[in-house]
Amino acid sequence: MSVKSRRSLLLASGALLAVAAVAVPVVVGTASADPASANQPRIVGGDKASLSDHPYAVYLTDSGGNQFCGAVIVSSTAVATAAHCAKAVAKQDVRVVAGREDKRTDVGQVLGVSKVWIGKGYSDPTQGDDIAVLTVRGQLDYRPAQLPKSGDTAAYREGTQATVLGWGRIADGGDRSDYLRSAQVPVVSDNTCRSDYSVYDQKTMVCAGYEKGGIDACQGDSGGPLVVGDTLIGIVSFGDGCGKPGKPGVYTRVSTYTADIEAQAKPRVFG
Ligand code: 4AZ
């Protein structure tokens with residue numbers, strides 16, 4: 001979520017208001033010749049993407065069938081997302097949509113949620129632990145992403161090119177993307193991210209993006225995957241706007257939660 005929308009989220013007492021605050025994003029870039037929109041997010045860095053390359057990319061819909069966040073398949077029965085996404089909509093209203101690149105179609109699967117696990121200690125995206133695992137009703141037919149080894153550091157080296165995937169708005173206040181989109185963003189060092197964000201916590205977060213801005217995730221991409229190859233290294237969490245110089249995207253550092261995700265992802269007979 002955006003740092004700015006955080007205040008409205010904190011003020012929102014009900015799930016509906018929280019949804020309104022999160023329900024805006026996607027993969028964007030900034031940029032432009034239009035001075036009136038120079039500070040507005042634009043999907044310049046992204047391109048249409050294919051689920052045949054990223055079958056684990058899924059999205060979440062609310063009671064009205066509106067896409068409000070991304071998520072990622074981690075087993076045949078579970079998806080990982082951001083805690084702020086899992087908390088935005090009542091469990092009984094959330095649906096996981098898998099295998100559908102274009103929201104206007106009805107291909108793929110739509111599954112309900114039987115269980116929600118929220119990262120221990122989560123309170124707000126800027127405080128870390130912005131991760132959740134949703135257990136679905138039924139079985140997902142699509143291949144899961146790989147998880148990094150617990151505590152892995154190799155995939156988080158500065159400059160590693162990663163791919164962020166999502167279905168959010170194409171421009172701030174503009175239309176949402178109907179299609180899955182992706183953008184390539186390099187991992188940013190902890191030191192740089194700490195100077196970009198005073199709240200940065202290298203144990204629970206990782207930054208990716210360009211110091212010059214222009215290519216980024218944005219609102220609505222929250223909860224979606226940041227992958228290196230097929231390995232899930234991050235989950236879209238927050239940022240100061242989208243694609244702004246010196247303000248890379250902040251992602252949940254998945255390797256901190258590998259054991260938790262695996263425990264939640266295990267198919268169980270009970271629960
Ligand atoms: C959001 O509001 C959001 N630029 C997600 C990612 C970023 C900003 C906002 C990162 O869902």
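How many residues surround the ligand, and which are the closest?

## Around the ligand

The ligand has 15 residues around it (each with a heavy atom within 4 Å), and the closest are Met1, Asp216, Ala217, Gln219 and Ser222. This is a predicted model, in which local features need pLDDT of at least 70 and side-chain atom pairs count only at pLDDT 80 or more, while totals for chains, interfaces and linings use all residues. Residues are numbered from 1 along each chain as its sequence is written, and side-chain values use heavy atoms, with hydrogens and water left out.

The shell around the ligand is made up of seven nonpolar residues, seven polar and one charged. Here Ala, Val, Leu, Ile, Met, Phe, Trp, Tyr, Cys and Pro count as nonpolar, Asp, Glu, Lys and Arg as charged, and the others, Gly among them, as polar.

## Polar contacts

Let's look at some polar contacts, meaning pairs of N or O atoms within 3.5 Å. Aspartate 216 places a polar side-chain atom 2.7 Å from a nitrogen atom of the ligand. Glycine 241 has a polar backbone atom 3.0 Å from a ligand nitrogen atom, and a backbone N or O atom of glycine 220 lies 3.4 Å from a ligand oxygen atom. On its own the ligand has 300 Å² of accessible area (Shrake-Rupley method, 1.4 Å probe), and the protein covers 100% of that area.

## The cavity

The ligand sits in the largest cavity, as more than half of its atoms lie within 2 Å of the cavity's grid points. A cavity is a set of points, on a 1 Å grid over the protein atoms alone, where a 1.4 Å probe fits but cannot get out; lining residues have an atom within 4 Å of a point.

The largest cavity holds about 120 Å³ of space. It is lined by 16 residues, and Met1, Ala217, Cys218, Phe238 and Gly239 are the closest to its centre.

Methods
Polar contact = N/O pair within 3.5 Å; in protein donor to acceptor, adjacent residues only side chain to side chain. 1 Å grid on protein atoms, 1.4 Å probe; cavity = no way out; pocket = protein on both sides within 12 Å on 5 of 7 lines; lining within 4 Å. Points joined across faces, edges and corners; volume = space filled by probe spheres on them.
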